[in-house]
Amino acid sequence: MLIIFKSDASADVIMLGDAGKQVIAAMGKDSADAKGIVTVEQLPAAIASLQAAIEEDRARQTERTEAEEAADREEGRTGMAAPVSLAQRAWPLLDMLQQAQKEKVPVVWGV
């Protein structure tokens, strides 16, 4: 399942279902809803929530132990096969939200 975030402020942001649901929840929205909107009034809170989730994820990544990194190497999860972090996935959506806030337009998905 794809989730496509749309706004008149920027190009569409497309995410696979689980990743999309994760960032929807990080914005403080109900990830179970197939359709949603971040209104102009809700943009500052959604941006702050998503930024906090990104920073939390980055902190978690820097606290990884050598044993966890060694296990990833043994499993072949390095380089292009390494898992993609929330911070990496959420960055395009964060940019969209910030552009939408500047232009005072909403962000929608599932429509």
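**Fold, core and two individual residues**

The protein chain folds into four helices and four strands. The model is a predicted one. Read from the N terminus, the order of elements is β-β-α-β-α-α-α-β. The chain has 111 residues, and 32% of these are buried. Its accessible surface amounts to about 6900 Å². Carbon and sulfur atoms contribute 52% of that surface. Contacts across the sequence were also examined. Among contacts in the chain with a separation of 6 or more, 67% join residues 24 or more positions apart.

The largest nonpolar core holds 27 residues. Within this core, Phe5, Met27, Leu50, Leu93 and Leu97 touch the most other members. Both helices and strands take part. At least two core residues come from each of strand E1 (2-7), strand E2 (10-16) and strand E4 (107-109). Helix H1 (17-26), helix H2 (43-62) and helix H4 (86-103) likewise supply at least two each. The biggest share comes from H4, which gives eight residues.

Leu50 illustrates how the core is joined. Neighbours within four places in sequence are set aside here. Leu50 then contacts Val23, Ala26 and Met27. It also contacts Ala90, Leu93, Leu94 and Leu97. Three of the residues named above for touching the most core members, Met27, Leu93 and Leu97, are thus among the contacts of Leu50.

Ser7 belongs to strand E1. Its relative accessibility is 9%, so Ser7 counts as buried, the cut-off being under 20%. A polar atom of the Ser7 side chain lies 3.1 Å from the backbone oxygen of Pro106. Pro106 also appears in the list of residues that Ser7 contacts, once neighbours within four places in sequence are left aside. The others in that list are Met96, Ala100, Val105 and Val107.

Lys104 stands out by its backbone. Most residues other than glycine have a negative phi. Lys104 is not a glycine, yet its phi is positive, at about 60°. Lys104 sits in the loop between H4 and E4. Is this residue buried or exposed? The relative accessible area of Lys104 is 62%, which means that Lys104 is exposed, since the cut-off is over 50%. Ser7 and Lys104 therefore fall on opposite sides of the classification: Ser7 is buried, whereas Lys104 is exposed.

Methods: Residues are numbered from 1 along each chain as its sequence is written. This is a predicted model: local features need pLDDT of at least 70, side-chain atom pairs count only at pLDDT 80 or more; totals for chains, interfaces and linings use all residues. Side-chain values use heavy atoms; hydrogens and water are left out. A nonpolar core is a set of buried Ala, Val, Leu, Ile, Met, Phe, Trp, Tyr and Cys residues joined through side-chain atoms within 4.5 Å. Buried means under 20% relative accessible area, exposed over 50%, partly exposed in between (1.4 Å probe, protein chains only). Contact means heavy atoms within 4.5 Å. Accessible areas come from the Shrake-Rupley method with a 1.4 Å probe; for residues, only the protein chains shown count as cover. A polar contact is a pair of N or O atoms within 3.5 Å; within protein, one must be able to donate a hydrogen and the other to accept it, and residues adjacent in sequence count only if both atoms are side-chain atoms.
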